[in-house]
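I opened the model to look up its cysteines, one helix, one loop residue and a sheet. My entries follow the order in which I checked them.

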Amino acid sequence: MLNMYDYSSLPTKMMLHVSQEEETSEMELPHNEWGVPSKKPFCSGKGGNVKGGLSSPGSKSTALLLLEVSVMVDRPPASSESLLFELLCAGKMPQRKGLESHTSGSGFILLGFSDHSSLQGLCFTVLLVIYLMVLTENSLIALITVVDSSLHSPMYFFLRNLSFLEICYTSVTLPKMLVGFLLEDGRTSFLGCAAQLYFLVLLGSIKCLLLAVMAYDHYIAICDPLHYPLLMRRGLRIRLVVGSWVAVIPVQVGQSYQVFTLPFFASHDLHHFFCDVPPVLELACADTFWNQVTLYTIILVFAIFPFSLIVISYIKIIRAILKIPSVLGRHKAFSTCSSHLAVVTLFYGSATVVYLKQQSRDSVDTDKYLTLFYTIFTPVFNPVIYSLRNKEVRIALKRLLQTKWYYRVRKILSNSPKKVPLGYMVA
């Protein structure tokens, strides 16, 4: 009986017909851990579609292959259709084993670092400075919205959560990239890549929902200011933030499991700086149609739908602003929304180009740099945008820094030696 999970049991003569079909020599091809040639006689083609390895069922070479296998394994020719099905499914063998078949492998190699071999030191320094800026800026924004009583409004509650998300979002990718540039090694384990992809898409989806919630907050504040304190009470704000996390977590667990239970080619070279869904699917040695359906469904629900709500909110906000009679009132209302609008434009602009444009070989480098922009550089710009465009944030930040220096100077003066009166010493 032919063992469908042991490729070494396939007759040499059968493999010879496959190699003649591919017009290549079987002896020249390196084999992976399952004994399958790296040129993938059973699996080939971009995106992992099972095609090209075996001819169509009606071709001459396929009929000859089925006849020889039927004779060699003492199998009747009448079962040729089931045998062809087994041979086609043999290329997908790891998918049956799930995550267990991959965890013992060598993982993935991130080739985004190989393009900058002569600039390792410079790239490490630049990324380290960026990461420290992200931590410092977003931590300051989160801190002042907590300690300053003038920033306890609902708008700054959501801004604090956005700053926390930016810190987490950047920490998913940048530390690993810093290690890669420092050690000149882009290798990552299978579970490490799966965890990075999961948290990347999880936090990205939550960020989209949070930006939509912030747009709704601006809409209520400008279009219905009298009911704003009642509508955006503390309980509702907490439920909106917690609901964003609860809605996304199970969906992204399912997508990550679906991606990483796919079989992958012997070559695990990932042309990216970190693990993301599109480049990982490029390595799949299987039909990724349903993975693509899942990916675009998630983009529709957690990116396009929130963006539509943002657009609708701002259309109504602009109409309300234009009805304000005073120029000063219109300017103040617009300045309140301009920071959020700039952040939405930066994030959605680059993300849309990466996920919704037509994929091609020439766009690989462009895609990975655009992904780098919205995952690393936008968290740097967001606090700057909010501090420059928002007068209340600037005042609160200035007050915090002045208070910090005041207490520092007071502490230094209090620790300086002083002359103690004789009366106190006697007492």
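The entries below start with the ground rules and then go through each item.

**Ground rules.** I am working from a predicted model, in which local features need pLDDT of at least 70, side-chain atom pairs count only at pLDDT 80 or more, and totals for chains, interfaces and linings use all residues. Residues are numbered from 1 along each chain as its sequence is written, and side-chain values use heavy atoms, with hydrogens and water left out.

**Disulfide.** I searched the whole structure and got one disulfide, a term that takes a pair of cysteine sulfur atoms within 2.5 Å. The pair is C193 and C275, with sulfur atoms 2.0 Å apart. I read -125 degrees about the S-S bond, so I noted the link of C193 and C275 as left-handed. C193 sits in helix 8 (residues 190-223), while C275 is in the loop between strand 3 (269-270) and helix 11 (277-281), so the bond ties together parts 82 residues apart in sequence. For these labels, helices (H or I, at least four residues) and strands (E, at least two) are DSSP runs, numbered from the N terminus.

**Burial of cysteines.** I looked up accessibility next, with buried meaning under 20% relative accessible area, exposed over 50%, and partly exposed in between (1.4 Å probe, protein chains only). Both C193 and C275 are buried. C223 is in no disulfide, and the nearest cysteine sulfur, that of C337, is 8.6 Å away. I entered C223 as partly exposed because its relative accessibility is 30%. C123 has 16%, so I entered C123 as buried.

**Helix 6.** C123 also appears among the buried residues of helix 6, together with others including L127, Y131, N138 and T145. Helix 6 (residues 120-147) has 28 residues and reaches 40 Å from first to last C-alpha, close to the expected 40 Å. The expected span is 1.5 Å times one less than the number of residues.

**T261.** I found T261 in the loop between helix 10 (234-260) and strand 3. T261 counts as buried because its relative accessibility is 8%. A polar atom of the T261 side chain lies 2.8 Å from the backbone oxygen of Y257.

**Sheet.** In what order do the three strands of the open sheet run? I wrote down 2-1-3, with mixed pairing. Strand 2 (187-188) and strand 3 are the edge strands, each pairing on one side only; pairing needs at least two bridges found by DSSP. Strand 1 (residues 108-110) and strand 3 run parallel and are joined by two bridges. I109 stands opposite D269 in strand 3.

Technical notes: A polar contact is a pair of N or O atoms within 3.5 Å; within protein, one must be able to donate a hydrogen and the other to accept it, and residues adjacent in sequence count only if both atoms are side-chain atoms.
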